[in-house]
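Student: I have not worked with this entry before. Could we go through it together, one topic at a time?
Tutor: Certainly; please put your questions as they arise.

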Protein chains: 2
Amino acid sequence: MSRPVRVAAVGLGRWANVLADAYTRSDEVELVSCFSRSPGKREAFAKRYGTGQDASLEALLARDDLDGVIVTVPNDQHAAVIEQAAAAGKHAFVEKPIAVTLEDARRIERAVERAGVVFTCGHSARRLGGLRKIKAMMTSGEIGEVSVIEAVFANERGLQIEPGNWRGDPEKAPGGPLTQLGIHQIDNLQYLLGPVVRVATFGKPMYTRVENDTVNVTVLEFERGPMAYLGTNWACPGVFSLNVYGTTADLFYQLDFSWWSNSDVTDQHSSLTKRAFARATDDPDDFELTDVAVDIPRVDHLRDEVEEFARAVRGDTEAEVDARVATRNVAVMLAAVRSSREGRIVEVAELLD
Amino acid sequence: MSRPVRVAAVGLGRWANVLADAYTRSDEVELVSCFSRSPGKREAFAKRYGTGQDASLEALLARDDLDGVIVTVPNDQHAAVIEQAAAAGKHAFVEKPIAVTLEDARRIERAVERAGVVFTCGHSARRLGGLRKIKAMMTSGEIGEVSVIEAVFANERGLQIEPGNWRGDPEKAPGGPLTQLGIHQIDNLQYLLGPVVRVATFGKPMYTRVENDTVNVTVLEFERGPMAYLGTNWACPGVFSLNVYGTTADLFYQLDFSWWSNSDVTDQHSSLTKRAFARATDDPDDFELTDVAVDIPRVDHLRDEVEEFARAVRGDTEAEVDARVATRNVAVMLAAVRSSREGRIVEVAELLD
């Protein structure tokens, strides 16, 4: 292996730590510096990971011992930070969603293309062992032809949001859990079924003190025919599930959300079940279904995404989730928000034209 | 107990036998006769259950040893048969759906009201032990406030429908599995959450030789606030599931569809799991969820619905699923079909006005 790719963390909130826990386990990446506007956060992060720190983004980007940045600043600051990084010739990994507006997503697309730097967006969920296995089972034909996928991502966050928090602001987190959680499952759905063409969403604030949506239900139709349901909820104990309905088998995937942030063991706390006919006859009352547990390969999803970024920086691979893929996810998310707000079915093309 | 209520089976297809298997286990009901246009079916049914038979519906309804009829003729003949039965002063139990048009449903409502006979519709699924338990847990508050319910009913029927079969006809089975399977879950959803106000549905024929829909995905919004998803599918191995998202707990209910027609043991082949916090802290990465199996009371759902009908005939109770309730289910089903066909969100009130 060539030398590790040298990265710096930009934005040092909770998720920067969760991610750094994962990628500092890797030999392919070396964390050399960090930046946040808050000196306290810089100090704590630098100490925790034994890394350098820079007092400004300009100083950090001027370093010649730096290949790329790991960006976890708030969603609406992604575009500005990545434009600056790209202009300085630094590669960029950004936490999902790439942006919360298509204008910002396109600014990022243009900036990284113009600078010729590597860009990837942190849709880690498609890297989970269960998702990789589901994709392989769909591709091999062992569950027949797929008609529907149901994806749910839920936690209790909306019950606790304080008024004034950005998560409660419909501009900063449009659709609430649709932006913050749903974007993961939208990526999974487009990863498994290709582009979404239209969506219908009902959403509203429920059991919360903020004005933003905390619960949404969405149906989606895909270009190649299948349909899907997306449930996103900030008003219940955590759920991350994905069910696939095939002509010869159904798949039921569940992940224990307690282990979401412990990416080295998330797959250990997941289950995938395959349901098929054990016996079938011409008599609709005489058959037997059987549920069988499917082995899941183990992947450290948060480490895996940063390692792939490093390999792409070295030119050994292409980023799986590039700016175009990430922008397509945002378009579906914003189509769902528009559907909910305007009370009508929305074509994704409306937003992309 | 007073003497058993005397019933006759009208329509002697597969489901008439499944139902009779269940209600002939009861002491509250006595099967005295049967009718079908097919003499072979009459002969076989009369022999199987040791009951009389009548060569015409008129002759059957003229019997003075008969209290009520158990109607399982095709959906589009329900209204005519029940009008005739009611006019003859006979009480009527009809298999779901009450009808496939609101005109027919209202003919039935008027006929039974005018005649003052007992009427009930066979929405047996709400009688399953799991559904009764979920309702009790929602009412007691032990899962907090409910935001979303997801209900799925699926089987492989659409893969096998021969061209020309009534199930493949969009007029006789509008929406395909939405009518034939979804109506059960629509009843469950309105039983648990009250009236639906609007729906959005995508549906289409998939992996079938007929022109009718075989797959539909629907989102629903309820008058009292919560939302739901309904998945109905004729293109996969059987699934009957219902998930409830509450502010303090989630419930996951699954029924092994292999045992659907064996109503005395359906509940034994079901599971209900409650997910709640075992431990929670202010740190969003430090908590623990726990899944606990919930005991399900055992109910013979197909026997239970006919026994309730018998008790209502004796005046000991009121029918839980009367014509009004059953018609409300059809209205939601037809709103979903309209949404799918017209590509727009549909208010249920549009159909009821």
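Student: How many residues of domain 1 of chain A are in contact with domain 2 of chain A?
Tutor: In this predicted model, 16 residues of domain 1 of chain A are in contact with 19 residues of domain 2 of chain A.

Student: Which elements give two or more residues to the domain 1 side?
Tutor: On the side of domain 1 of chain A that touches domain 2 of chain A, these elements are α1 (14-23) and α8 (301-313) of chain A. The most comes from α8(A), which gives 3 residues to that side.

Student: And what is that side like by class?
Tutor: The side of domain 1 of chain A that touches domain 2 of chain A has 7 nonpolar, 3 polar and 6 charged residues.

Student: Where do the two domains run in the sequence?
Tutor: Domain 1 of chain A covers 5-125 + 303-319, and domain 2 of chain A covers 126-299 + 331-347. Their centres, taken over C-alpha atoms, are separated by 27 Å.

Student: Let me turn to α1 in the other chain. Which residues of α1 of chain B are buried?
Tutor: In helix α1 (residues 14-23) of chain B, the buried residues are A16(B), L19(B), A20(B), A22(B) and Y23(B). They lie on the same side of α1(B), because they cover an arc of only 155 degrees around the axis.

Student: What do they pack against?
Tutor: The buried residues of α1(B) pack against three strands of chain B, β1 (5-10), β2 (29-35) and β3 (68-71), and against the helices α2 (39-49) and α8 (301-313) of chain B.

Student: Now the two chains. How many residues does the contact take from each?
Tutor: The contact takes 45 residues from chain A and 45 residues from chain B.

Student: Which elements of chain A give two or more residues there?
Tutor: On the side of chain A that touches chain B, they are β6 (146-154), β7 (196-204), β8 (215-222), β9 (227-233), β10 (239-246), β12 (270-279) and β13 (288-293) of chain A. The largest share of that side, 5 residues, comes from β8(A). By class, the side of chain A that touches chain B has 25 nonpolar, 11 polar and 9 charged residues.

Student: What rotation superposes chain A on chain B?
Tutor: A rotation of 180 degrees, with 0.0 Å of shift along its axis, superposes chain A on chain B at an RMSD of 0.0 Å. That is the relation of a two-fold axis. The same surface serves both copies, as 100% of the contact residues of chain A recur in chain B.

Conventions: Residues numbered from 1 in each chain as written. Chains lettered and ligands numbered in written order. Predicted model: local features only at pLDDT ≥ 70, side-chain atom pairs only at ≥ 80, totals over all residues. Least-squares fit on C-alpha atoms with pLDDT ≥ 70 in both. Contact = placed C-beta atoms within 7 Å. Domains from an automatic or database assignment. Helix = DSSP H or I, 4+ residues; strand = E, 2+ residues; numbered from the N terminus. Nonpolar A, V, L, I, M, F, W, Y, C, P; charged D, E, K, R; others polar. Buried ≥ 20, exposed ≤ 12 C-beta atoms within 10 Å, placed from the backbone. Arc of directions from axis to C-beta.
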